[in-house]
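Me: I am new to this structure. Please show me how to read its pocket and its sheet.

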Amino acid sequence: MIAATGDVASARAAQDASSTVPVVFTIGGDPVRIGLVKSLNRPGGHVTGILFNQNVLGAKRVELLREIAPSVSRVALLMNPTNPNVDVERVDAEAGARKLGLETVTLNARNAREIDTAFEQLLGAKADGIITATDPIPLDRREEIVAFANRHKLPVVGFVRQFAAVGGLLSYGPSISWMYRQAGDYVGQILKGVRPAEMPVMQPTKFELVVDLKTALGLTVPMTLQASADEVIE
């Protein structure tokens, strides 16, 4: 069998490699729309897996950024334009920003090298906050993104705990550790004889809010937000 844990590209490659070898994927987009499975409840073929984020959380991340940094007026959305879920996430974040009277600017990074170009564009656009899209590229470069943001005193919101763990102001999203544990469990079940066609695509039921008080950047983190956080890094 194949464990395809590199988001949509690896899932599609594994699906196309064989019509019979079972595949367990981990992705951030809609596997039905992408064509990996027939439905979430009954995948129907040789492919199943873990859906990292069945809910669009862009607007919620904008809301959290505004709550912790009320002076923010223009938010940079750091996104991979080749990600199949990018348009849905961008539209959601833009709608959430408009509701709060904030402007947004979209910065595209198709690969790790383009992150540096996005940094230059961000400074030129005079954005005063950063939200990363749900994508492996910003996750892989999270330390560089956080270091840049802190150096320029820009609050950054990541989509998983790993951003806050390396000094980002906060993160909000599913647990990536949960996703990989569940993928491993599915691999084990398939190796014991369970058919992927009958294994529902698993979806997260909990979202983690992590706040790093060490990276407050002179901001006052509301006690209500600290109380509601799943983890506060001090």
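Me: How many residues of the lining of the largest pocket are nonpolar, polar and charged?

Reply: This is a predicted model. Start with the general idea. Rolling a probe the size of a water molecule over the atoms shows where empty space is left. Here, the lining of the largest pocket has 8 nonpolar, 5 polar and 3 charged residues.

Me: What is the volume of the largest pocket?

Reply: About 200 Å³. Its lining counts 16 residues, and the closest to the centre are Asp7, Pro136, Leu139, Ile176 and Met179.

Me: Which elements each supply at least two residues of that lining?

Reply: One strand, β2 (23–27), and two helices, α6 (136–140) and α9 (176–191).

Me: Now the sheet. In what order do the strands of the open sheet come?

Reply: Two strands pair if at least two bridges are found between them. In this model, 7 strands line up as β5-β4-β6-β7-β8-β9-β10, with mixed pairing. At the edges are β5 (103–108) and β10 (231–233), each paired on one side only. From one strand to the next, the twist averages 20 degrees.

Me: In which sense do β7 and β8 pair?

Reply: Parallel. Strand β7 (residues 156–158) joins β8 (residues 170–173) over 2 bridges. Look at Gly158: its bridge partner in β8 is Ser171.

Me: Which strands does helix α5 touch?

Reply: Helix α5 (residues 114–125) packs on the sheet and touches β4 (74–79), β5 and β6 (129–132). Compare directions too: α5 makes about 155 degrees with β5.

Key. Residues are numbered from 1 along each chain as its sequence is written. This is a predicted model: local features need pLDDT of at least 70, side-chain atom pairs count only at pLDDT 80 or more; totals for chains, interfaces and linings use all residues. Side-chain values use heavy atoms; hydrogens and water are left out. On a 1 Å grid over the protein atoms alone, a cavity is a set of points where a 1.4 Å probe fits but cannot get out, and a pocket is an open set with protein on both sides within 12 Å along at least five of seven lines; lining residues have an atom within 4 Å of a point. Grid points are joined across faces, edges and corners, and a volume is the space filled by probe spheres set on the points. Helices (H or I, at least four residues) and strands (E, at least two) are DSSP runs, numbered from the N terminus. Ala, Val, Leu, Ile, Met, Phe, Trp, Tyr, Cys and Pro count as nonpolar, Asp, Glu, Lys and Arg as charged, and the others, Gly among them, as polar. Axes are lines fitted to C-alpha atoms, for helices over the stretch in contact, and angles run from 0 to 180 degrees between N-to-C directions. Contact means heavy atoms within 4.5 Å.
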